[in-house]
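Student: I would like a close look at one part of this structure, please, and then at what surrounds it. I work at the bench, so please explain your terms as you go.

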Amino acid sequence: MEHSHDDGRLSTKGVSLQELRDRLSEFASVRGWDRFHSPRNLLLALVGELSEIFQWKGEVARGLPNWTSDDKEHLEEELSDVLLYLVQLADVCGLDLGQAALSKMVKNAHKYPVVSSSPPSTGN
Ligand SMILES: Nc1ccn([C@H]2C[C@H](O)[C@@H](COP(=O)(O)OP(=O)(O)OP(=O)(O)O)O2)c(=O)n1
């Protein structure tokens with residue numbers, strides 16, 4: 001269920017990858033863009049958007065303290081572009097991204113078990 005805000009944004013109680021996938025598929029198809037949305041083109045578009053995140057920002061603190069609302073909105077848009085291209089890439093490859101991500105998290109948990117006696121690790 002969606003509600004429109006005054007600023008034109010939509011709010012949802014939660015959005016599924018499946019909903020994004022279906023809406024993106026419709027978005028591309030009504031514009032005749034399917035033929036451009038090959039896996040390779042979508043990957044290049046994704047990488048292009050990725051490179052714009054935090055451009056010129058230096059180190060960024062959690063929660064983005066002192067950022068203007070314009071800067072936060074811009075970041076939201078860049079992150080959304082990355083997500084939307086990723087969802088489309090998985091779709092045109094015929095993959096179930098949500099299921100794949102859940103399976104990968106299970107694998108990750110086996111690979112990196114919690115060891116309660118050791119201090120937090122910085123990664124691998
Ligand atoms: N062939 C395309 C072109 C765009 N989009 C969608 C996915 C992205 O969410 C958004 C990207 O649009 P732009 O390339 O216009 O990028 P920006 O919105 O970031 O604009 P700008 O680069 O001017 O900041 O549009 C898409 O699905 N397929």
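## A close look at the helices

Tutor: Happily! Let's begin with helix α4: none of its 15 residues is buried, so this helix lies largely in the open. A residue is called buried if 20 or more other C-beta atoms lie within 10 Å of its own, exposed if 12 or fewer do, and partly exposed in between, with C-beta atoms placed from the backbone. Helices (H or I, at least four residues) and strands (E, at least two) are DSSP runs, numbered from the N terminus.

Please keep in mind that this is a predicted model: local features need pLDDT of at least 70, side-chain atom pairs count only at pLDDT 80 or more, and totals for chains, interfaces and linings use all residues. Residues are numbered from 1 along each chain as its sequence is written.

Helix α4 covers residues 97-111 and reaches 21 Å from its first C-alpha to its last, close to the 21 Å expected at 1.5 Å a residue. The expected span is 1.5 Å times one less than the number of residues. Helix α1 agrees with its expected span too: its 14 residues should cover 20 Å, and its end C-alpha atoms are 20 Å apart. After α1 comes Gly32, with a positive phi near 70 degrees.

For the wider setting, the protein chain has four helices and two strands, in the order β-β-α-α-α-α along the sequence. Of its 124 residues, 5% are buried.

Now to a helix pair. Two packed helices are described by the angle between their axes and the distance between the axes. For α1 (residues 17-30) and α3 (residues 69-92), the axes come within 9 Å and cross at roughly 85 degrees. Axes are lines fitted to C-alpha atoms, for helices over the stretch in contact, and angles run from 0 to 180 degrees between N-to-C directions. The two helices are therefore roughly perpendicular, a label for angles of 65 to 115 degrees; under 35 counts as roughly parallel, over 145 as roughly antiparallel, and the rest as oblique.

From α1, the contact uses Leu17, Leu20, Arg21, Leu24 and Ser25; from α3, it uses Leu84, Val87, Gln88 and Asp91. Residues are in contact if their C-beta atoms, placed from the backbone, lie within 7 Å. By class, that gives five nonpolar, two polar and two charged residues. Here Ala, Val, Leu, Ile, Met, Phe, Trp, Tyr, Cys and Pro count as nonpolar, Asp, Glu, Lys and Arg as charged, and the others, Gly among them, as polar.

Leu84 also belongs to the residues around the ligand, together with Ala28, Trp33, Phe36 and Asp81. Being near the ligand means having a C-beta atom, placed from the backbone, within 6 Å of it. This shell has four nonpolar residues, no polar ones and one charged.

Helix α3 also holds Val92, which is partly exposed, with 15 other C-beta atoms within 10 Å. Beyond its neighbours within four places in sequence, Val92 touches His37, Pro39 and Leu42. Its C-alpha atom is 9.3 Å from that of Asp34, 58 residues away along the chain.

Finally, the loop between α2 (39-50) and α3 contains Phe54, whose phi is positive, near 65 degrees, though it is not a glycine. Phe54 counts as exposed, with 11 C-beta neighbours inside 10 Å. Trp56 sits in the loop between α2 and α3; its phi is positive, near 70 degrees, and with 5 C-beta neighbours inside 10 Å, Trp56 is exposed.

Definitions and conventions:
Two residues are in contact if their C-beta atoms, placed from the backbone, lie within 7 Å.
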